[in-house]
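Got your viewer open and a colour palette ready? Let's walk through this chain stop by stop, selecting as we go.

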Amino acid sequence: MYNFKLVNHCWNCNKEHELNDQLAQTNVKCDCGGYVLTPSGKGLHEIKLTCNVYKFHDGENHWIAANTEQEARKLFEKDYSDDLEYTVELINNEDLHKKTIDNIEFIEEDGTKWTSLKQIVLETKHIPSVIASSVY
Ligand SMILES: [Zn+2]
């Protein structure tokens, strides 16, 4: 997997904590007094993307994974230079997880596969990159 970091949420206040080597640790506390890792080593883990996903609309939709909007715009304008007018929106965390966002389909050898933008980003080695397109 690429473009991710593992965070732990406090069991009490839900604040995010990044631990260096969580497997070697137990009994880690948050500044609120709640546990980040319990004495037996249990944590509320989450895989978070370290880049953003932007949706470009120019009549078609294109999703670009990039660190900044500026970086995404630069790639978009290079790859789709014929399209002068477009809109950009940042995909929120909830939509990154949806498996049916705007009906993104991937045709694999064994048939159609529904996936989420997050899963695609985790499988994308180079950022910035166009990760999906759809034509209406
Ligand atoms: Zn806390």
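Start by selecting strand E1, residues 4-9, together with E5: the two pair in the antiparallel sense over six bridges. Strands here are DSSP runs of E with at least two residues, helices are DSSP runs of H or I with at least four, and both are numbered from the N terminus. Two strands count as paired if DSSP finds at least two bridges between them. Before you go further, note that this is a predicted model, in which local features need pLDDT of at least 70, side-chain atom pairs count only at pLDDT 80 or more, and totals for chains, interfaces and linings use all residues. Residues are numbered from 1 along each chain as its sequence is written.

**Stop 1: the sheet around E1**

Click on Asn-8. Its bridge partner in E5 is His-45, and in E2 its bridge partner is His-17. Now add E2 to the selection: E1 and E2 pair in the antiparallel sense over two bridges. They form a hairpin with six residues between them, and Asn-14 in the turn has a positive phi of about 75 degrees.

Show the three strands together and you have an open, antiparallel sheet in the order E2-E1-E5. Strand E2 (16-17) and strand E5 (44-49) are at the edges with a single partner strand each, so one side of each has no neighbour in the sheet.

**Stop 2: the four-stranded sheet**

Next, select E8, E6, E7 and E11. In that order, these four strands form an open sheet with antiparallel pairing. Which strands stand at the edges? They are E8 (87-90) and E11 (129-134), each with a single partner strand, so one side of each is left without a neighbour in the sheet. From one strand to the next, the twist averages 25 degrees; angles run from 0 to 180 degrees between N-to-C directions, with axes as lines fitted to C-alpha atoms, for helices over the stretch in contact.

Zoom in on E6, residues 52-57, which is joined to E8 by four antiparallel bridges. E6 and E7 pair in the antiparallel sense over six bridges. His-57 is a handy residue to label: it stands opposite Thr-87 in E8 and opposite Asn-61 in E7. The hairpin of E6 and E7 has three residues between the strands, and Gly-59 in the turn has a positive phi of about 110 degrees.

Move across to the other side of E7. Five bridges join E7 to E11, and the two run antiparallel. Here Ala-65 stands opposite Ser-129 in E11.

**Stop 3: the helix on the sheet**

Add helix H1, residues 69-79. H1 packs on the sheet, touching E6, strand E7 (61-66), E8 and E11, and its direction makes about 130 degrees with that of E7. Contact means that the C-beta atoms of two residues, placed from the backbone, lie within 7 Å.

In the loop between E7 and H1, pick Thr-68. Buried or exposed? Thr-68 is exposed, with 12 other C-beta atoms within 10 Å. The cut-offs are 20 or more other C-beta atoms within 10 Å for buried, 12 or fewer for exposed, and partly exposed in between, with C-beta atoms placed from the backbone. The C-alpha atoms of Thr-68 and Leu-90 are separated by 9.9 Å, although these residues are 22 apart along the chain.

**Stop 4: the nonpolar core**

Now go inside. E7 is mostly covered, with five of its six residues buried. The largest nonpolar core (a set of buried Ala, Val, Leu, Ile, Met, Phe, Trp, Tyr and Cys residues joined through C-beta atoms within 7 Å) has 13 residues, and Val-53, Tyr-54, Ile-64, Ala-65 and Ala-66 have the most contacts inside it. E6, E7, H1 and helix H3 (117-122) each supply at least two residues of this core, and E7 gives the largest share, four residues.

Display Val-53 with its neighbours. Not counting residues up to four places away in sequence, Val-53 touches Trp-63, Ala-65, Ile-91, Leu-96, Leu-117 and Val-121.

**Last stop: helix H2 and the whole chain**

Select Asn-93, in helix H2 (residues 93-97). Asn-93 is exposed, with 9 other C-beta atoms within 10 Å.

Finally, zoom out. The chain's secondary structure comes to three helices and 11 strands, and buried residues make up 18% of its 136 residues.
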